Amino acid sequence: TSPTLDTAQASTSGTSIDFNSLPAGIKRIEITLTGISTNGTSIPMVQIGDSGGIENTGYLGAAGSLGSGANFTTGFGLLGATPAAATVFHGTATLVLQDSSTNTWAASTASGVSTSATASCGGGGKSLSATLDRVRITTVGGTDTFDAGKINIMYWS
């Protein structure tokens with residue numbers, strides 16, 4: 001089927017950007033991020049959820065930049081190294097339904113930092129207790145405030 005492009009959201013305030021009420025039957029989600037920045041040094045990440053809410057435990061995976069990296073258990077990391085405040089990055093995160101009987105999702109991430117010569121990639125997996133219906137972009141600490149950029153998602157059923 002053809003992809004559905006959601007409405008881009010400005011990431012210029014708040015500690016998270018949510019895409020809620022996604023329809024049942026989604027098998028692939030592309031998250032696009034352009035010019036994203038926060039006021040702190042916590043690594044940006046993607047979290048997923050179902051009708052019970054966003055899940056913040058049970059993630060497996062890592063992201064790395066040349067020469068450094070980090071494991072993530074509270075979401076899918078978008079950068080492999082701790083950013084400086086006001087770091088500006090761009091990238092994508094792809095979520096693919098791997099097993100519909102267990103609501104297991106696989107993730108791959110790729111990003112570049114335009115305020116330094118840094119690029120990161122990562123991957124991971126996460127099972128949900130029910131069908132995915134929401135995606136959140138936040139930071140590892142969950143307290144840094146977004147102050148620049150846009151975020152959008154596109155999904156396929």
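How many bridges pair strand 4 (residues 28-38) with strand 14, and in which sense, parallel or antiparallel? In this predicted model, the count comes to 9 bridges, and the two strands pair in the antiparallel sense. One pair of facing residues makes this easy to spot: look for I31, whose bridge partner in strand 14 is I153.

Stepping back to the whole chain, the protein turns out to have 14 strands and 0 helices. Reading from the N terminus, the run of elements is simply β-β-β-β-β-β-β-β-β-β-β-β-β-β. As for overall size, the C-alpha atoms fill a box of roughly 40 × 30 × 25 Å along the principal axes. The radius of gyration is 14 Å, which agrees with the value near 15 Å for a compact globule because that is what 157 residues would give. Contacts tell a story about distance along the chain too: of those with a separation of 6 or more, 74% link residues 24 or more positions apart.

What about the inside and the outside? Buried residues account for 43% of the 157 residues. The exposed surface adds up to about 6900 Å², and carbon and sulfur atoms supply 54% of that area. On the charge side, there are 6 positive and 9 negative side chains, with the centres of the two sets 4 Å apart.

Back to strand 14 (residues 146-156), which also pairs with strand 1 (residues 4-5) in the antiparallel sense, over 2 bridges. Here T4 sits opposite Y155 of strand 14. Strand 2 (residues 9-10) joins strand 14 as well, again antiparallel and over 2 bridges. In that pairing, A10 faces K150 of strand 14. So much for the partners of strand 14 described here.

Strand 5 (residues 44-50) is another good place to look. Which of its faces are covered? Both are: P44, V46, I48 and D50 on one side are buried, and so are M45, Q47 and G49 on the other. Put as a count, 7 of the 7 residues in strand 5 are buried.

Strand 5 also has several pairing partners. With strand 13 (residues 134-139), strand 5 pairs in the antiparallel sense over 6 bridges, and V46 stands opposite I137 there. With strand 9 (residues 76-77), the pairing is again antiparallel, over 2 bridges, and V46 turns up once more, this time opposite F76. Strand 6 (residues 53-54) runs antiparallel to strand 5, and 2 bridges join them. D50 of strand 5 stands opposite G53 in strand 6. These two strands form a hairpin, with 2 residues between them.

Finally, one residue is worth zooming in on: A93, found in strand 10 (residues 89-99). Is A93 buried or exposed? A93 counts as buried because its relative accessible area is 1%, and the cut-off for buried is under 20%. Leaving aside neighbours within four places in sequence, A93 is in contact with I29, E30, I31, V46, L78, S108 and T109. Two names in that list have come up already: I31, the bridge partner of I153, and V46, which faces I137 in strand 13. By way of contrast, take P3, which is 90 residues from A93 along the chain; the C-alpha atoms of the two are separated by 16 Å.

Methods
Residues numbered from 1 in each chain as written. Predicted model: local features only at pLDDT ≥ 70, side-chain atom pairs only at ≥ 80, totals over all residues. Heavy atoms only, no water. Helix = DSSP H or I, 4+ residues; strand = E, 2+ residues; numbered from the N terminus. Rg over C-alpha atoms; globule rule 2.2 N^0.38 Å. Buried < 20%, exposed > 50% of the residue type's maximum accessible area, 1.4 Å probe, protein only. Contact = heavy atoms within 4.5 Å. Areas by Shrake-Rupley, 256 points an atom, 1.4 Å probe, with all protein chains shown as cover. Lys, Arg positive; Asp, Glu negative; His and termini not counted. Charge placed at Lys NZ, Arg CZ, Asp CG, Glu CD. Pairing = 2+ DSSP bridges.
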